[in-house]
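Student: Could you walk me through this structure with a few questions and answers?

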Amino acid sequence: MSAAVRPTAGSTALLLIDVQQSFRARPYWSDAEAPAFLAATNRLVAGAQAAGIPVVQVFHTDGPQAADNAFSHASGLVRPLDGLAPFDPALVVDKHRHSALVGTGLAVWLHQQGIRRLIVAGIRTEQCCETTTRHASDEGWAVDFVTEATLTFDMTTPSGQTLSAAQIRERTETVLAGRFATLCTVDDALQRARDGEGR
């Protein structure tokens, strides 16, 4: 990114991806890391709003519109995750793919607002958060990835081994750092937005 388009707080947006109650209905849900995640996420959202950074709230919906589908509006679970502090989003979008930039109109809105830098947080670290980050970077946005404000869960590899949530986060950081995003703490991301840092 050239110095001529150096981002400022006014050209930064926070994408809060899939922080929704749907996940609590999934068999892989674990409460173990949720309190730390929610504390970091609430601090990030509050800091963004205090700095005048627009917060885009993204919800994932897919599958049949049925009460037993946790990612359907019919379930009543496509709503903020319990423990997420209430806030006024600048925009709310429903997505149906892994990237929040596919089929949502979000990219158009970001361009209309003059957004050149994105802060990414949400659920799941290696899935929708990572996919959105890669997509946004390839489309020309500078991205700050706030790992402590992302949440994921243990997974089983194709060979039957267990990857812990911590290992998955480390893997995501490894593949994003310096190529698709700048890795940030909550405080780093907010300070970089205030200072107008790029990537």
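Tutor: Gladly, and one term comes up early: buried means under 20% relative accessible area, exposed over 50%, and partly exposed in between (1.4 Å probe, protein chains only). This is a predicted model, where local features need pLDDT of at least 70, side-chain atom pairs count only at pLDDT 80 or more, and totals for chains, interfaces and linings use all residues. Residues are numbered from 1 along each chain as its sequence is written, and side-chain values use heavy atoms, with hydrogens and water left out.

Student: Is cysteine 184 buried or exposed?

Tutor: Its relative accessible area is 7%. Because that is under 20%, cysteine 184 is buried.

Student: How many disulfides does the structure hold?

Tutor: A disulfide here is a pair of cysteine sulfur atoms within 2.5 Å. The structure's count of disulfides is 0.

Student: Why is cysteine 184 not bonded to cysteine 129?

Tutor: Cysteine 129 has the cysteine sulfur closest to that of cysteine 184. The two are too far apart for a bond because the distance is 14 Å.

Student: Where does aspartate 18 lie?

Tutor: Aspartate 18 has a positive phi, near 60°, though it is not a glycine. Helices (H or I, at least four residues) and strands (E, at least two) are DSSP runs, numbered from the N terminus. In those terms, aspartate 18 is in the loop between strand 1 (12-17) and helix 1 (34-50).

Student: What is the omega of the peptide bond from isoleucine 123 to arginine 124?

Tutor: Arginine 124 sits in the loop between strand 4 (117-123) and helix 3 (125-138). Most peptide bonds are trans. The bond from isoleucine 123 to arginine 124 is cis, with omega near -5°.
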